[in-house]
Amino acid sequence: MIEKEAMYKLTYGLFVLTSTDGEKQNGCIVNTVSMLTDNPKRITVFVNKANYTEELIRKTGVFNASVLTESVPFEVFKKFGFCSGRDTDKFAGESYPKTENGLYYIPEHTNAVLSGKVIDAHDYGTHTLFVAEVTEAKTLSSETSVTYEYYQSNIKPKPQAQTAEETQKSGGKWVCKICGYVHEGEELPEDFICPWCKHPASDFEKIG
Ligand SMILES: Cc1cc2nc3c(=O)[nH]c(=O)nc-3n(C[C@H](O)[C@H](O)[C@H](O)COP(=O)(O)O)c2cc1C
């Protein structure tokens, strides 16, 4: 038997993984950066092949992992975790600092940045496992690293509790199980797409 809840007991950090296509820089949220060996310093990261960032890392062999801290606002997840660099320029009009490899890193709500140079990649169906040499590692603050559990309990918006009277007035509410976005209305159209995480109507449940 595989209990889904048991899998949630594993501890994960959260990171903005940045890379580039040579011109445009891009980044996405991951919870899968780990240390592999200490000497030499090597790290691993698993990235979904549907992510534009996976394609960029596979092509260029370089990435930065900015380690997010508990002060990180939900807006950072909206920007890097719920939309793809294939459809949007996530860094448009903003200036971010760079590491020695020329890639952006996130200077706020982070406590470190690690630069990786890919030395091996393995195809695991939905995901690619990248093994990388650490070419630069910099401490950015003394804030506490955020965990995936902390994000779920304290950062991801929760659907608001509603009285029966309020429910009648608003005509009902639907919450996105992926990101917590709440849609108000008695009916949820079949072709509804979550404006935050772009998941379909099937990922919503009625809460009022
Ligand atoms: C809390 C959170 C954790 C995530 N963890 C991962 C992860 O470990 N691996 C992954 O491939 N995507 C993960 N994602 C999803 C990507 O960040 C998301 O699909 C992103 O929009 C991809 O952007 P891109 O196409 O520009 O690379 C996570 C998203 C969130 C909000």
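Select first the elements that line the ligand: β2 (25-30), β4 (42-48), α2 (52-60), α3 (74-81) and α4 (148-155) each supply at least two residues of the shell around it, where helices (H or I, at least four residues) and strands (E, at least two) are DSSP runs, numbered from the N terminus. β2 gives the largest share of this shell, namely four residues. The model is a predicted one, in which local features need pLDDT of at least 70 and side-chain atom pairs count only at pLDDT 80 or more, whereas totals for chains, interfaces and linings use all residues. Residues are numbered from 1 along each chain as its sequence is written, and side-chain values use heavy atoms, with hydrogens and water left out.

Next, select the whole shell, which holds 22 residues, with Ile 29, Asn 48, Thr 53, Ser 84 and Gly 85 as the closest; a residue is near a molecule if one of its heavy atoms lies within 4 Å of it. Coloured by class, the shell shows 12 nonpolar, nine polar and one charged residues, if Ala, Val, Leu, Ile, Met, Phe, Trp, Tyr, Cys and Pro count as nonpolar, Asp, Glu, Lys and Arg as charged, and the others, Gly among them, as polar.

Which atoms of Ser 84 lie 2.6 Å from an oxygen atom of the ligand? The partner is an N or O atom in the side chain of Ser 84, and the pair is a polar contact (N or O atoms within 3.5 Å). From Ile 29, a backbone N or O atom lies 2.7 Å from a ligand oxygen, and from Gly 81 a backbone N or O atom lies 3.4 Å from a ligand oxygen. The protein covers 86% of the 650 Å² of accessible area that the ligand has on its own, by the Shrake-Rupley method with a 1.4 Å probe.

Now move along β4, starting from Asn 48, whose bridge partner in β7 is His 127. Strand β7 (residues 127-139) pairs with β4 in the antiparallel sense over seven bridges, given that two strands pair if DSSP finds at least two bridges between them.

Finally, select strand β3 (residues 33-37), which runs antiparallel to β4 and is joined to it by four bridges. A hairpin of four residues connects β3 to β4; Thr 37 stands opposite Arg 42 in β4, while Ser 34 has Thr 44 of β4 as its bridge partner.

Methods: A polar contact is a pair of N or O atoms within 3.5 Å; within protein, one must be able to donate a hydrogen and the other to accept it, and residues adjacent in sequence count only if both atoms are side-chain atoms.
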